[in-house]
Amino acid sequence: MGMGNVAPNPMVGAVLVYENKIIGEGYHREYGKAHAEVNCINSVSPENEQFIDKSILYVSLEPCAHYGKTPPCSDLIIEKKIPSVVIACEDSYKKVNGKGIEKLLAAGVNVTKGVLEKEAINLNKRFFTFHNKKRPYIILKWAQSADGYIANKDSSRVFISNDQSNQLVHKWRSEEAAIMVGTNTALLDDPLLTNRHWPGKNPVRIVIDLTLKLPAHLNLLDGSVNTIVFNSIKKEIKPGVLYQLIDSAQEVIPQIATALYEMKIQSVIIEGGTKLLQSFIDIQLWDEARVITNDTMNIIDGHAAPCLTDFEKNESVKISNNTIDIYHPKNRSVDKH
């Protein structure tokens, strides 16, 4: 429920249980606001407050032990004299990284960890990838015809996704920190790259335009949504648009991944054309691919879709005449270390 609203913080949920009955529950709703444990404890009704110090707190991530935007949750747990805490997984963030558990144990709290650990790690795959691999969690997304094309030969736009799939795509956008396209997509499609068909925050828009050939009238440069233009000519800040300088003589994609990490952008969904998508695939710099196939459309002769390598399919969903397949790299490692 916190997806898209808490980054760069992790998504966390907590429940307080007294004699097998939930008396409090909460989750981290918004970055900079109260954490899950605080919302959980604050949700306890007045008649149940007497049971807080006899309850078990279940939390999906190790309680924090440092002062950030809010006070340490481990201190609150100790203050409320909660005797037992069950933690799904530890927090690898350097300011936590076991310190929350140490503080609880030192105060005499009974701590159990590793319950549903795999599920908890997967929930925060963006957070863990960002802190452990020092780059955003990278999602590739494209739509293709049944015969494997993403556009007509003349590059004219063809609507492959149906209305329901398109709405789902806008939901995906609302869940990620940023969205990226290349120069050709920006020039040919003039996309908005917003999630106008789904509630929530718009992702930061990113376009790669090394020689700054995109005209100023494009939607991406209108300043209505924060936009980053990666280029090799200038570094400049305009209202709503940041021109970020990179070295075109070096590999471009790794430079962009590093720059986004430094900007604290935790996840990015790539919606560019085949050239941009394939550039991430070829250097094995991706974490997830979401491919929408129109089962009833054949383009015959057009621009071929990207080609994944060393992958495994994890999920497949059918929405009317569209099939959505979710892929991950083989032997991927999303863990807490």
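1. Cysteine 89 makes a useful starting point for this predicted model: the cysteine sulfur closest to that of cysteine 89 belongs to cysteine 64 and lies 14 Å away, which is too far for a bond. Cysteine 89 is also buried, since its relative accessible area is 1%.

2. Cysteine 64 deserves a separate remark, because its sulfur is 3.8 Å from the closest cysteine sulfur, that of cysteine 73, and this is still too far for a bond when the cut-off for a disulfide is 2.5 Å. With a relative accessible area of 8%, cysteine 64 is buried. The count of disulfides by this rule comes to zero.

3. Turning to the sheets, one of them is open and has five strands in the order E2-E1-E3-E4-E5, with mixed pairing. Strand E2 (21-27) and strand E5 (110-113) are its edges; each has a single partner strand, so one side of each is left without a neighbour in the sheet. From one strand to the next, the twist averages 15°.

4. Within that sheet, strand E3 (residues 56-59) and strand E4 (residues 84-87) run parallel and are joined by four bridges, and valine 59 stands opposite isoleucine 87 in E4. Helix H3 (residues 99-106) packs on the sheet, where it touches E4 and E5, and the direction of the helix makes about 150° with that of E5.

5. Strand E6 (residues 137-145) is mostly covered, with nine of its nine residues buried. Tyr137, Ile139, Lys141, Ala143 and Ser145 point one way from the strand, while Ile138, Leu140, Trp142 and Gln144 point the other way, and all are buried. A reader inspecting this strand may wish to note that the buried set includes Lys141 and Gln144 alongside Ile138 and Leu140.

6. The pairing of E6 involves two strands that can be described together. With strand E13 (residues 267-270), E6 pairs in the parallel sense over four bridges, and isoleucine 139 stands opposite isoleucine 269 in E13. With strand E14 (residues 288-294), E6 also runs parallel, here joined by seven bridges, and the bridge partner of lysine 141 in E14 is arginine 290.

7. The largest nonpolar core has 32 residues, of which Leu140, Met180, Ile270 and Phe280 touch the most other members. Helix H8 (residues 252-262) supplies the largest share of this core, namely six residues. Leu140 also belongs to E6, where it points the same way as Ile138, Trp142 and Gln144.

8. Isoleucine 270 illustrates the surroundings of one of these core members: leaving out residues up to four places away in sequence, isoleucine 270 touches Ile138, Ile139, Leu140, Lys141, Met180, Leu276, Leu277 and Phe280. A second core, separate from the largest, has 28 residues, and Cys40, Leu76, Leu104 and Ala120 are among them.

9. Glutamine 244 lies in strand E12 (residues 241-245) and counts as buried, because its relative accessibility is 13%. Its contacts, with neighbours within four places in sequence left aside, are Ile228, Val229, Phe230, Asn231, Lys234, Lys235 and Met263.

10. Several points of backbone geometry merit a check by eye, given that most residues other than glycine have a negative phi, and most peptide bonds are trans. The peptide bond from alanine 7 to proline 8 is cis, with omega near 10°, and proline 8 is placed in the segment before strand E1 (13-18).

11. The loop between helix H7 (183-189) and strand E9 (204-208) contains aspartate 190, whose phi is near 45°, a positive value in a residue other than glycine. Leucine 193 is found in the loop between H7 and E9 as well, and although it is not a glycine, leucine 193 has a positive phi of about 55°. As for accessibility, aspartate 190 counts as partly exposed at 27%, whereas leucine 193 is buried with a relative accessible area of 3%.

Terms used
Residues numbered from 1 in each chain as written. Predicted model: local features only at pLDDT ≥ 70, side-chain atom pairs only at ≥ 80, totals over all residues. Heavy atoms only, no water. Core = buried A, V, L, I, M, F, W, Y, C linked by side-chain atoms within 4.5 Å. Buried < 20%, exposed > 50% of the residue type's maximum accessible area, 1.4 Å probe, protein only. Contact = heavy atoms within 4.5 Å. Pairing = 2+ DSSP bridges. Axes fitted to C-alpha atoms, helices over the stretch in contact; angles between N-to-C directions.
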